[in-house]
Amino acid sequence: MKSEKSKYIGCMLGSAIGDALGKQNEGVNREVILKRGYINDYGRAPEGSPGEALREGQYTDDTEQMLVLAQSLIACNGFDAKDFANRIAKWGLDIRNDPSRRRLLGPSSSQAIEKLNSGISWKESGSDVPSCGSAMRVAPIGLFFNDIHEVEKKAVLSSIPTHKSKSSVAGAVAVAVAIRCALDGCDRVEIIKKTCELTSNHEIALANKIEYSLELRNEVPDTVLPQLGTSFYVYDTVPCAFYFFSRYFEEPRRAVIEAVNAGGDADSIGCITGALFGALYGTDCFPKKWIDGLENKQLVEDTSLLIYEKSHFLLLNSKRT
Ligand SMILES: [Mg+2]
């Protein structure tokens, strides 16, 4: 099934699947992964890694923040930066008080959440570190808004409360725009072209690197990964996910497996790659065991369905008026 509804659900499930698979390789070197062998199903994260206390099939902060963003969109009938910032601040307190999830929070999000909780405005709270924290959670913006320029605008705003550097903002725009283009059924080149065009409104260097990732699609991962990098910086994670998307455009399962075995920020690379493929092909592109084994599968599905229903309802109403 490749219906629009399935693409909405697929996008958010894909995000959670890539995240839950990738957490097993978060912070692990590619050389170690090659020596040990690829992971291709759920398991525990290695001792000492941020997700070490999580269960098999449990996702990390990437998906948790994506769900917070989706819930804010649903509650507000659109994007309200203040509401989202309040929700993220509250979520941050919850995660800090949970010993099994405490270490998931990256330093940029952590600092921003501290500022938000101390009463600093969402316009000022964001970190200037160019990390990928806003790109990894942005999928619901691409789902909720129909018009690509609206997607761009709201992706920018969704980044600011925690990540206000122009690179992080550009990364959030890139992922959200690509998701909207994938939903709309654009082909590989169209998706990357449109993504780069709107990303370059915020940062040309990131747009150029995403464009370069398309050029690299005929090269094998071990040639490409040292060039693109796999760190938590948005310059690495986002072009890296686009590379896997472009290279394995017709093989979503393979793409996700390769992405989550890239090492480095493997959960975020996996999360973005999974979201892109789900938006393009719908739920059927993922093996059933990945869907069934995902923790909170029902919550992710129900939330994406609410996003689908609400965005379509608002679109219909806007056409009537
Ligand atoms: Mg994570």
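The expected span of a helix is taken as 1.5 Å times one less than its number of residues. In the predicted model described here, helix α9 has 18 residues and extends 26 Å from its first C-alpha to its last, close to the 26 Å expected at 1.5 Å a residue. Of the 18 residues of α9, 17 are buried, so this helix is largely enclosed by the rest of the structure. Just after α9, G185 adopts a positive phi of about 80 degrees.

Two packed helices are described by the angle between their axes and the distance between the axes. For α9 (residues 166–183) and α13 (residues 234–247), the packing angle is about 15 degrees and the axes are 10 Å apart. Because angles under 35 degrees count as roughly parallel, α9 is classed as roughly parallel to α13. The crossing of α9 past α13 is left-handed. On the α9 side the contact is made by S167, S168, G171, A174 and V175, and on the α13 side by V234, Y235 and V238. By class, the contact of α9 with α13 contains 5 nonpolar and 3 polar residues, and no charged ones. An α-helix has 3.6 residues a turn, so residues three or four places apart point the same way.

A second helix examined in this way is α3 (residues 61–76). Helix α3 has 16 residues and reaches 22 Å from its first C-alpha to its last, which is close to the 22 Å expected at 1.5 Å a residue. The buried residues of α3 are D61, D62, T63, Q65, M66, L67, L69, A70, S72 and L73. The cover over these buried residues includes α1 (4–22), α4 (81–96), α7 (139–144), α8 (148–159), α15 (266–281) and α17 (297–320).

One of the elements covering α3 is α4, and the packing of this pair was also described. The axes of α3 and α4 come within 9 Å and cross at roughly 145 degrees. Helix α3 passes α4 in a right-handed crossing. From α3, the contact is made by D61, E64, Q65, V68, L69, Q71, S72, A75 and C76, and from α4 by D83, F84, R87, I88, W91 and I95. The residues of the contact of α3 with α4 divide into 8 nonpolar, 3 polar and 4 charged. Among the α3 residues of this contact, D61, Q65, L69 and S72 also appear in the list of buried residues of the helix.

The loop between α3 and α4 holds N77. N77, just after α3, has a positive phi of about 55 degrees although it is not a glycine. N77 counts as partly exposed, with 13 C-beta neighbours inside 10 Å. A positive phi in a residue other than glycine is also found at N296, where the value is near 60 degrees. N296 is placed in the loop between α16 (288–292) and α17. With 17 C-beta neighbours inside 10 Å, N296 counts as partly exposed.

Individual positions were then considered by their surroundings. L13 lies in helix α1 and counts as buried, with 26 C-beta neighbours inside 10 Å. L13 and T283 are 270 residues apart along the chain, and their C-alpha atoms are separated by 7.5 Å. Not counting residues up to four places away in sequence, L13 touches G278, T283, F286, I291, L294, V300 and E301.

I33 is found in helix α2 (residues 30–36). This residue is partly exposed, with 18 other C-beta atoms within 10 Å; the threshold for a buried residue is 20 or more. The contacts of I33, again without residues up to four places away in sequence, are N25, V28, Y38, N261 and G263. I33 and G10 are 23 residues apart in sequence and 27 Å apart in space, C-alpha to C-alpha.

S118 lies in the loop between α5 (107–117) and α6 (122–125). With 9 other C-beta atoms within 10 Å, S118 is exposed. The C-alpha atoms of S118 and R217 are separated by 45 Å, and the two residues are 99 residues apart along the chain.

Notes: Residues are numbered from 1 along each chain as its sequence is written. This is a predicted model: local features need pLDDT of at least 70, side-chain atom pairs count only at pLDDT 80 or more; totals for chains, interfaces and linings use all residues. Axes are lines fitted to C-alpha atoms, for helices over the stretch in contact, and angles run from 0 to 180 degrees between N-to-C directions. Helices (H or I, at least four residues) and strands (E, at least two) are DSSP runs, numbered from the N terminus. Angles under 35 degrees count as roughly parallel, over 145 as roughly antiparallel, 65 to 115 as roughly perpendicular and the rest as oblique. A crossing is left-handed if the near helix is turned anticlockwise from the far one by less than a right angle, and right-handed if clockwise. Two residues are in contact if their C-beta atoms, placed from the backbone, lie within 7 Å. Ala, Val, Leu, Ile, Met, Phe, Trp, Tyr, Cys and Pro count as nonpolar, Asp, Glu, Lys and Arg as charged, and the others, Gly among them, as polar. A residue is buried if 20 or more other C-beta atoms lie within 10 Å of its own, exposed if 12 or fewer, and partly exposed in between; C-beta atoms are placed from the backbone.
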